[in-house]
Amino acid sequence: MSGIDTDFTHEHVVVRQGARSGLPIVVAVHSTKLGQAIGGCRLAPYPHWSDGLTDALRLSAAMSDKCALAGLPNGGGKTVVALPVGGPPSTADRTAVLHDVGDVIAGLGGSYATGPDVGTGPDDMVTIAERTPYAFCRPVDAGGSGDSSEYTAVGVLAALHALCSERFGSDDLSLRSFAVLGLGRVGGHVLRMLADAGATLVASDIDESLRPLADAAGAAWVTPQECLSADVEVLVPAALGGLLTARSVPALRCVAIAGPANNQLDTPATADLLHQRGILWAPDIVVSAGGIIHATAVELLNETSAQATVRVSGIADTLASILHTARTTGSTPAEAARSRARQRIHGGRG
Ligand code: PHE
């Protein structure tokens, strides 16, 4: 019992009913110790608004570690708008929701800035920015750094190189087989980039209309369930989190896992199950950092997108070093990543 999974030491959590939309809006600021808290705005259906709160607490805490490991001068935060199950809001409702979100963020006085996440994109950041300046990733022609999903995918590819090098002794992706689970904005890019690298591919999404993406990449289309336990070397989780559980891990046939999905483990103990099965798991907080690295480099440091992309590729070195630490200390990659993040956040005092 480490108690780490219940470490909800958040600085500030706002739960408010949107004045225009009537929807529950949660903004969780986990930490500003290293600087302004950042983290995307998630618009997703939840059975109960308190499930959205739980998600925001977990996701914002993970963002603190993600920023720390990416070497950013930022802490972690997250926004969750809990939508009713069954049906997205209309266009008019969407503007109302986003203005409500903007007002809550404006009330935090700059301690937190948002960005796109599941259910939101760059255009939504323009709408939020009508109420507060703290929104990353507006489209480039609107003065922002644009859609970050391509850069998140660049980071995932960098991570896959480091993972393969550690697990197979070669970072040549053309020698390997991958199952990409989730072909949304990031997963779609990852699949295409893996195809370009000559990899053998299996792909899936709950949305059947994305099948042409798999066909174009020469990937075999399977159901999400089949994809999770596909007979490949590397699993790439690129959909919603929580897919690695005490129930799913025994059925896995891969030997390594790295993908951009946030919070892939249902609970921290699942990292031990993966370790016991000899499956090398690259911590999602390292693998998925490409979007925030790119957005902050362009919007806060005024770098060009090309310079920022070089920074994103640094994820390969970060992951290689964490996997090396895990191997030499006999810990799981999850533990190695977490302790490195805590060290940076607490300046060695943690
Ligand atoms: N989905 C991204 C994340 O939470 C959102 C983001 C991108 C936030 C860029 C800030 C800047 O990691």
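Reader: Where is Asn302 found?

Author: Asn302 sits in the loop between α10 and α11 (305-313). The model is predicted.

Reader: Why is Asn302 called exposed?

Author: Its relative accessible area is 65%. The cut-off for exposed is over 50%. Asn302 passes that cut-off, so Asn302 counts as exposed.

Reader: What is said of the phi of Asn302?

Author: Phi is positive there, about 55°, although Asn302 is not a glycine.

Reader: Which value of phi does Cys137 have?

Author: Its phi is near 70°. That is a positive value in a residue other than glycine. Cys137 lies in the loop between α3 (122-128) and α4 (149-168).

Reader: Does Cys137 count as buried or exposed, and why?

Author: Cys137 counts as buried. Its relative accessibility is 3%, and buried means under 20%.

Reader: What makes Arg167 partly exposed?

Author: Arg167 has a relative accessible area of 32%. Buried would need a value under 20%, and exposed one over 50%. The value falls in between, so Arg167 is partly exposed. Arg167 belongs to helix α4.

Reader: How many residues apart in sequence are Arg167 and Leu323, and what is the C-alpha to C-alpha value in space?

Author: They are 156 residues apart in sequence. In space, their C-alpha atoms are 9.5 Å apart.

Reader: How many disulfides does the structure hold?

Author: Zero. A disulfide is a covalent bond between the sulfur atoms of two cysteines.

Reader: Why is there no bond at Cys164?

Author: The closest cysteine sulfur belongs to Cys254, and it is 12 Å from the sulfur of Cys164. A disulfide needs the two sulfur atoms within 2.5 Å. At 12 Å the sulfur atoms are therefore too far for a bond.

Reader: How do you know that Cys227 is in no disulfide?

Author: The nearest cysteine sulfur is that of Cys254, 10 Å away. Set that against the cut-off of 2.5 Å. The pair does not qualify.

Reader: Why does Cys227 count as buried?

Author: Its relative accessibility is 0%. The limit is under 20%, so Cys227 counts as buried. Cys164 also has 0% and counts as buried.

Reader: What makes strand β2 (residues 24-29) largely enclosed?

Author: Five of its six residues are buried, so β2 is largely enclosed by the rest of the structure.

Reader: How do you know that strand β1 (residues 12-17) and β2 pair?

Author: Pairing takes at least two bridges. β1 and β2 have six, in the antiparallel sense. Val14 has Val27 in β2 as its bridge partner. The two strands form a hairpin with six residues between them. In the turn, Gly22 has a positive phi of about 75°.

Reader: Which strand do five bridges join to β2?

Author: Strand β5 (residues 75-83), and the two run antiparallel. Val27 stands opposite Thr79 in β5.

Reader: What is the order of the open sheet of six strands?

Author: The order is β9-β8-β7-β10-β11-β12, with parallel pairing.

Reader: Why is one side of β9 (220-221) and of β12 (280-281) without a neighbour in the sheet?

Author: Both strands stand at the edges. Each has a single partner strand, so one side of each is left without a neighbour in the sheet.

Reader: How do you know that strand β11 (residues 256-257) is joined to β12?

Author: Two bridges join them, and the strands run parallel. At least two are needed, so β11 and β12 pair. Ile257 stands opposite Trp281 in β12.

Reader: How many residues surround the ligand?

Author: 13 do, and the closest are Gly40, Lys66, Lys78, Pro116 and Asp117. The shell divides into six nonpolar, four polar and three charged residues.

Reader: What makes the pair of Pro116 and the ligand a polar contact?

Author: A backbone N or O atom of Pro116 lies 2.8 Å from a nitrogen atom of the ligand. The cut-off is within 3.5 Å, so the pair counts. An oxygen atom of the ligand is 3.1 Å from a polar backbone atom of Gly40. For Lys66, a side-chain N or O atom is 3.2 Å from a ligand oxygen.

Reader: How many Å² does the ligand expose taken alone?

Author: 320 Å², of which the protein buries 92%.

Reader: Which elements give two or more residues to the shell around the ligand?

Author: α1 (49-69) and α10 (290-299) do. α10 gives the largest share, three residues.

How values were computed:
Residues are numbered from 1 along each chain as its sequence is written. This is a predicted model: local features need pLDDT of at least 70, side-chain atom pairs count only at pLDDT 80 or more; totals for chains, interfaces and linings use all residues. Side-chain values use heavy atoms; hydrogens and water are left out. A residue is near a molecule or strand if one of its heavy atoms lies within 4 Å of it. A polar contact is a pair of N or O atoms within 3.5 Å; within protein, one must be able to donate a hydrogen and the other to accept it, and residues adjacent in sequence count only if both atoms are side-chain atoms. Accessible areas come from the Shrake-Rupley method with a 1.4 Å probe; for residues, only the protein chains shown count as cover. Helices (H or I, at least four residues) and strands (E, at least two) are DSSP runs, numbered from the N terminus. Ala, Val, Leu, Ile, Met, Phe, Trp, Tyr, Cys and Pro count as nonpolar, Asp, Glu, Lys and Arg as charged, and the others, Gly among them, as polar. Buried means under 20% relative accessible area, exposed over 50%, partly exposed in between (1.4 Å probe, protein chains only).
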